[in-house]
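Me: Pick one part of this model and take me through it closely, please. I'd like a single connected story, with the cut-offs spelled out as you go.

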Amino acid sequence: MKINRLLCSLTVFERWLWGVSAVVIAASYILSGAGDFLTLIASLIGVSALIFVAKGYVAGQVLSVIFAVFYGIVSFYFKYYGEMITYLCMSAPAAAFSVVSWLRHPYAKSDEVKVAKLTFKHTAAAALFAVAVTVMFYFILRALGTAKLTVSTLSVFTSFLASELVFLRSPFYGVAYAANDIVLIIMWTLASIEDISYMPMILCFVMFLANDIYGFYNWRRIGARQQNEGNNEGNF
């Protein structure tokens, strides 16, 4: 089966990172006495998605769609409408579009996606589009009475920019998501002060941060290897 092939392709470090991430999240869930299983499920799906995204596998994007739905529901319960709207209306569709984009750009007919090199034009356009969307969402979120409006708005920007870079198959998706992880660590720390059951979300994004840093490193390595093998031509 394809899933078995993907699992077997993980290195010892990647299995270790995935396992430690899952254990830390599960332990935080148990120790906090949280009763919301959706929080735990969302977190475990999320770290599973990231390890496959870091490998450049489409399976990671499929899991990202599922994670976005679960995370959007969790955010709704805490009135983080910015997170809910971002993940349900932006991240989930973006991940779905990325599935199509990655399937259309396989590397040498393998399970691995072809890493792209963005031009200045593409980078500038992505940044400007992210700013425009963020400004629009600021007023929407303010009208909805979103909790922690400033942090939520910053999360929209970093998350949307990261989604764009994932779609464009750029290694810098990891940098943008790492920035988003830091924002979310702050956000869920504030939430946990009011409700300890949200503590697992803090550990979730701490592990996400580690995975996204690794994702950036690994995509740079994959991109260099693909280029050296002479198959990384004409990305756009």
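Reply: Buried here means under 20% relative accessible area, with exposed over 50% and partly exposed in between (1.4 Å probe, protein chains only). This is a predicted model, where local features need pLDDT of at least 70, side-chain atom pairs count only at pLDDT 80 or more, and totals for chains, interfaces and linings use all residues. Residues are numbered from 1 along each chain as its sequence is written, and side-chain values use heavy atoms, leaving out hydrogens and water.

Let's go with α4, residues 58–77 (helices are DSSP runs of H or I, at least four residues, numbered from the N terminus). Its 20 residues reach 30 Å from first C-alpha to last, close to the 28 Å expected (1.5 Å times one less than the number of residues). Buried along α4 are Val58, Gly60, Gln61, Ser64, Phe67, Ala68, Tyr71, Gly72, Val74 and Ser75. Down the helix axis, those buried residues fall within an arc of 160°, so they line one face of α4 (the arc uses directions from the axis to the C-beta atoms). After α4 comes Lys79, with a positive phi near 65°.

Now for the empty space. The largest cavity has 22 lining residues, and Ser64 and Phe67 are among those nearest its centre, along with Leu50, Tyr87 and Tyr177 (on a 1 Å grid over the protein atoms alone, a cavity is a set of points where a 1.4 Å probe fits but cannot get out, and lining residues have an atom within 4 Å of a point). α4 shares the job with α3, α5, α7, α8 and α9, each supplying at least two lining residues, though the largest share, five residues, comes from α5.

Technical notes. On a 1 Å grid over the protein atoms alone, a cavity is a set of points where a 1.4 Å probe fits but cannot get out, and a pocket is an open set with protein on both sides within 12 Å along at least five of seven lines; lining residues have an atom within 4 Å of a point.
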